[in-house]
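Student: I have a model open and want to reason through its packing. Can we go step by step?

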Amino acid sequence: MIVRKVLALAGDGIGPEVLAATRRVMDWFQATGRAKFEVTEGLIGGASYDVHKTPLTDETLARAKASDAVLFACIGGPQWDQLPYDVRPEKGLLRLRKEMGLFANLRPAIVMDALASASSLKTDLVRGLDIMIVRELIGGIYFGEPRGVEQLPDGTRRGYNTQTYSTPEILRIAHVAFDLARKRGKRVCSVDKANVMESGLVWREEITKLRNAQYPDIELSHMYVDNCAMQLVRTPKQFDVIVTDNLFGDILSDLASMLTGSLGMLPSASLGAVGADGRQPAVYEPVHGSAPDITGKGIANPLAMIFSFAMMLRYSFNLGADADLLEKAAQNVLSGGVRTGDIAEPGQTPISTTAMADAVVAELGRLAK
Ligand code: IPM
Ligand code: MG
């Protein structure tokens with residue numbers, strides 16, 4: 001059986017807790033002979049800064065590149081907020097994405113029946129919701145040059161960043177969105193700010209050309225990002241696949257996560273181009289952050305990371321049936337009223353991070369019988 005090399009990066013805050021929970025689930029897949037993993041751990045973010053004075057060492061980056069997939073939790077925390085940008089925890093994650101070439105970030109927002117009432121929207125607006133947000137991840141204003149802070153002669157300062165998108169950057173992310181749409185509802189909504197920004201105009205035109213040339217079977221629509229934010233809370237079910245740039249994708253995916261009831265539920269996959277050797281660089285990570293307010297309490301919801309592991313099974317290891325099994329197990333657990341505090345409803349006693357993982361493992365065992 002193939003041994004899959006996985007680098008696990010717990011990062012900061014609740015990261016180590018949700019990673020430990022997810023490893024219990026990974027262990028089940030190993031113990032039952034479904035897959036074989038060689039898991040090693042590494043430091044990233046503030047945890048790496050505290051030891052190495054950098055949020056990502058070259059050595060950890062090299063291990064990430066050499067692994068079949070990376071499982072990453074979350075980074076950041078108030079104790080590192082005063083650091084300069086180049087050594088902040090966030091920089092470790094941004095460098096990992098950039099150097100691994102992870103241009104495509106897939107962020108599904110799915111409302112499970114058991115959780116429809118946990119959404120802040122009316123249940124009928126979100127029941128059955130299944131959106132895929134495809135976010136460009138290594139371009140745009142996050143990385144554009146020039147950037148910086150300059151001192152002006154009058155003693156004031158000016159901070160500046162650059163939003164840029166070129167044809168190849170737009171086309172490669174658009175291909176991902178159109179290909180995904182083909183396997184789903186065949187609809188793509190491209191989101192930009194073409195009414196104000198040149199980069200948005202190029203984005204819109206390139207995507208339209210690609211659709212007409214290669215994806216005539218896909219229905220393409222365009223939306224300005226402000227309208228999209230509004231539409232997402234007004235009638236979220238109108239969307240199938242949303243494709244958008246780095247900054248807008250960051251914002252809209254947080255918004256979409258709340259439609260599902262909890263930020264603690266959303267997984268994501270960050271993928272690069274398939275290399276000449278057939279390998280595709282991939283990092284799987286929950287959308288949630290490091291949650292300093294509940295760190296160390298053992299109450300964080302591990303499901304976003306467990307679902308991220310399911311995405312790893314599906315996208316990196318071609319183990320779609322095992323991914324389905326894991327998602328089904330987690331859904332059954334939720335249907336049974338087993339909840340962590342973030343998604344507990346009145347009358348439900350919240351359980352711990354570890355107990356949630358164990359409930360998923362127990363359900364996996366039941367389903368696999
Ligand atoms: C995300 C996060 C990151 C981002 C931060 C931590 C750098 O918000 O993955 O959405 O802005 O991309
Ligand atoms: Mg974000």
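Student: What covers the buried residues of H9?
Tutor: This is a predicted model. H9 spans residues 246-259. Its buried residues include Phe248, Leu252 and Ala256. The cover over the buried residues of H9 includes helix H5 (123-126), helix H8 (225-234), strand S4 (104-110), strand S5 (130-136), strand S8 (187-192) and strand S10 (241-244).

Student: Within what arc do the buried residues of H9 fall, seen down its axis?
Tutor: An α-helix has 3.6 residues a turn, so residues three or four places apart point the same way. In H9, Asn246, Phe248, Gly249, Leu252, Ser253, Ala256, Ser257 and Leu259 are buried. They line one face of the helix, because seen down the axis they fall within an arc of 160 degrees.

Student: How far apart are the end C-alpha atoms of H9?
Tutor: Take 1.5 Å a residue for the 14 residues of H9. The expected span is 20 Å. The model agrees, because the end C-alpha atoms are apart by 20 Å.

Student: Which backbone nitrogen does a side-chain oxygen of aspartate 245 reach at the start of H9?
Tutor: Look at the start of H9. The side-chain oxygen of aspartate 245 comes to within 3.1 Å of its partner. That partner is the backbone nitrogen of leucine 247.

Student: Which glycine follows H9, and what is its phi?
Tutor: Go past the end of H9 to glycine 261. Its phi is positive, near 105 degrees.

Student: Are the faces of S11 covered or open, and which residues lie on each?
Tutor: In a regular strand the side chains alternate between the two faces of the sheet. In S11 (residues 267-271), 5 of its 5 residues are buried. Both faces are covered: Ser268 and Ser270 on one side, and on the other Pro267, Ala269 and Leu271.

Student: Which residue of S11 is the bridge partner of leucine 106?
Tutor: S4 and S11 run antiparallel and are joined by 3 bridges. In S11, the partner of leucine 106 is alanine 269.

Student: Which residue in S12 stands opposite proline 267?
Tutor: S11 also pairs with strand S12 (residues 282-286). The pairing is antiparallel, over 5 bridges. Opposite proline 267 stands proline 286.

Student: Why is there no bond between cysteine 228 and cysteine 189?
Tutor: Cysteine 228 is buried, at 0% relative accessibility. A disulfide needs sulfur atoms within 2.5 Å. The closest cysteine sulfur to that of cysteine 228 is in cysteine 189, too far for a bond because the distance is 5.5 Å.

Student: How many disulfides does the structure hold?
Tutor: Cysteine 74 is buried too, with a relative accessible area of 2%. The count of disulfides in the structure is 0.

Methods
Residues are numbered from 1 along each chain as its sequence is written. Chains are lettered from A and ligands numbered from 1 in the order in which they are written. This is a predicted model: local features need pLDDT of at least 70, side-chain atom pairs count only at pLDDT 80 or more; totals for chains, interfaces and linings use all residues. Side-chain values use heavy atoms; hydrogens and water are left out. Buried means under 20% relative accessible area, exposed over 50%, partly exposed in between (1.4 Å probe, protein chains only). Helices (H or I, at least four residues) and strands (E, at least two) are DSSP runs, numbered from the N terminus. The expected span of a helix is 1.5 Å times one less than its number of residues. The arc is that of the directions from the helix axis to the C-beta atoms. Contact means heavy atoms within 4.5 Å. A polar contact is a pair of N or O atoms within 3.5 Å; within protein, one must be able to donate a hydrogen and the other to accept it, and residues adjacent in sequence count only if both atoms are side-chain atoms. Two strands pair if DSSP finds at least two bridges between them.
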